[in-house]
Amino acid sequence: MSELDGRVCVVTGGGRGIGAAVAARFAAEGGRVAVLDLDGAEDTRARLGGDARAYRLDVTDEAGVVDVARRVVDDLGGVDVLVNNAGIGRLGPSMSFPVSDFRASLDVMVTGVFLCSREFGRAMREGGGGAIVNVSSINGLVAFPMRLAYSAAKAGVISMTKVLATEWASYGIRVNAVAPGNTETEMVREAIDQGLIDVDTYLRHTPLGRFAQPEEQAEAVLYLACDRSRYLTGQVIAPDGGWTAFGWVPWSGDPDAPSVGR
Ligand SMILES: NC(=O)c1ccc[n+]([C@@H]2O[C@H](COP(=O)([O-])OP(=O)(O)OC[C@H]3O[C@@H](n4cnc5c(N)ncnc54)[C@H](O)[C@@H]3O)[C@@H](O)[C@H]2O)c1
């Protein structure tokens with residue numbers, strides 16, 4: 001049986017990367033997907049085919065979010081699942097970080113999550129309930145230098161996840177989050193090109209020894225969106241290859257290496 005048979009699933013930032021992988025996974029599970037993005041929503045819709053829809057949207061624009069939420073309900077008959085995935089990566093040293101980049105980070109990843117949750121959440125309540133999955137980051141859980149605004153925004157996403165989970169449970173709306181580790185998307189490729197991620201160092205701190213694929217994040221998002229997770233709300237799961245579990249010590253990576261310090 002398909003996990004999302006006929007359910008209306010809204011994915012912000014679905015034009016590329018993790019959002020596009022989520023949209024594809026949802027469509028494969030019978031979801032009727034609405035792809036929302038500043039750019040690329042139509043490309044994803046064309047790849048999905050079927051009854052997928054594309055909407056051009058800046059999640060920071062209140063009037064735009066109100067309008068798209070109304071159009072999605074008119075076009076597809078309601079909303080069952082919302083994935084707040086749209087995000088931007090503005091990184092750099094905190095001592096010289098431009099306030100415009102700080103504000104933009106909070107606007108997209110905090111205000112945008114709030115606005116989409118408010119508008120699509122209201123439609124969910126009218127339909128008797130639903131599931132919201134927010135895309136945070138391991139940066140919202142633990143400290144990374146050079147990522148002040150991004151980390152603050154992603155910690156905000158986790159906080160909003162917990163608040164909305166408690167506030168909207170009586171409407172039948174579950175709210176959970178994923179906190180991905182580094183995943184092979186253009187956002188990460190750009191950060192590597194700018195020298196903001198040292199791949200070898202990152203991978204030495206990653207027990208599973210590799211970056212995630214967008215499809216692996218989509219699998220976790222699907223779990224939180226579908227009925228298999230029906231008793232979960234207010235939770236954060238981190239598909240990060242073990243990154244946040246690993247308190248850093250220099251080691252060879254060989255579990256059979258002779259013990260030290262005897
Ligand atoms: N790639 C990673 O390693 C990683 C790790 C942890 C968390 N995340 C988070 O996952 C999400 C997706 O990241 P990705 O790697 O696929 O990035 P990406 O840059 O490939 O895709 C992000 C998408 O969001 C859209 N977007 C940006 N601002 C928007 C706005 N104002 N309104 C609407 N759409 C907007 C972009 O157009 C783009 O299509 C983000 O929230 C990101 O912070 C990514």
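This is a short dialogue on reading the ligand site and the helix packing in a predicted model.

Q: Let's start with the ligand. Which residues around the ligand come nearest?

A: Happy to help! The ligand has 26 residues around it, and those that come nearest are Asp37, Asn85, Tyr150, Thr183 and Thr185.

Q: What kinds of residues make up the shell around the ligand?

A: A good way to begin is to sort the shell by residue class. Here it holds twelve nonpolar residues, ten polar ones and four charged ones.

Q: Where does an oxygen atom of the ligand lie 2.5 Å from a side-chain N or O atom?

A: For polar contacts, look for pairs of N or O atoms within 3.5 Å. At threonine 185, a side-chain N or O atom is 2.5 Å from an oxygen atom of the ligand. The side chain of arginine 16 also offers an N or O atom, here 2.7 Å from a ligand oxygen. The backbone can take part too: a polar backbone atom of valine 59 is 3.0 Å from a nitrogen atom of the ligand.

Q: How much of the ligand's accessible area does the protein cover?

A: On its own, the ligand has 830 Å² of accessible area, and the protein covers 94% of that.

Q: Which elements give two or more residues to the shell around the ligand?

A: Three helices to find in the picture: α1 (17-28), α5 (148-168) and α6 (186-193) each give two or more residues to that shell.

Q: Now the helices. How are two packed helices described?

A: The general idea is to give the angle between their axes and the distance between the axes. Take α4 (residues 99-126) and α5 as a case: they pack at about 20°, and their axes are 8 Å apart. That angle makes α4 roughly parallel to α5. The crossing in which α4 passes α5 is right-handed.

Q: And α1: at what angle do its axis and that of α2 cross?

A: The axes of α1 and α2 (residues 41-48) cross at roughly 30° and come within 10 Å. Angles under 35 degrees count as roughly parallel, so α1 and α2 are roughly parallel to each other. Here too, α1 passes α2 in a right-handed crossing.

Q: Are α1 and α8 roughly parallel or oblique to each other?

A: Start from the angle again. With α8 (residues 214-225), α1 packs at about 55°, the axes being 8 Å apart. The two helices are therefore oblique to each other. As for handedness, the crossing of α1 and α8 is right-handed.

Definitions and conventions
Residues are numbered from 1 along each chain as its sequence is written. This is a predicted model: local features need pLDDT of at least 70, side-chain atom pairs count only at pLDDT 80 or more; totals for chains, interfaces and linings use all residues. Side-chain values use heavy atoms; hydrogens and water are left out. A residue is near a molecule or strand if one of its heavy atoms lies within 4 Å of it. A polar contact is a pair of N or O atoms within 3.5 Å; within protein, one must be able to donate a hydrogen and the other to accept it, and residues adjacent in sequence count only if both atoms are side-chain atoms. Accessible areas come from the Shrake-Rupley method with a 1.4 Å probe; for residues, only the protein chains shown count as cover. Helices (H or I, at least four residues) and strands (E, at least two) are DSSP runs, numbered from the N terminus. Ala, Val, Leu, Ile, Met, Phe, Trp, Tyr, Cys and Pro count as nonpolar, Asp, Glu, Lys and Arg as charged, and the others, Gly among them, as polar. Axes are lines fitted to C-alpha atoms, for helices over the stretch in contact, and angles run from 0 to 180 degrees between N-to-C directions. Angles under 35 degrees count as roughly parallel, over 145 as roughly antiparallel, 65 to 115 as roughly perpendicular and the rest as oblique. A crossing is left-handed if the near helix is turned anticlockwise from the far one by less than a right angle, and right-handed if clockwise.
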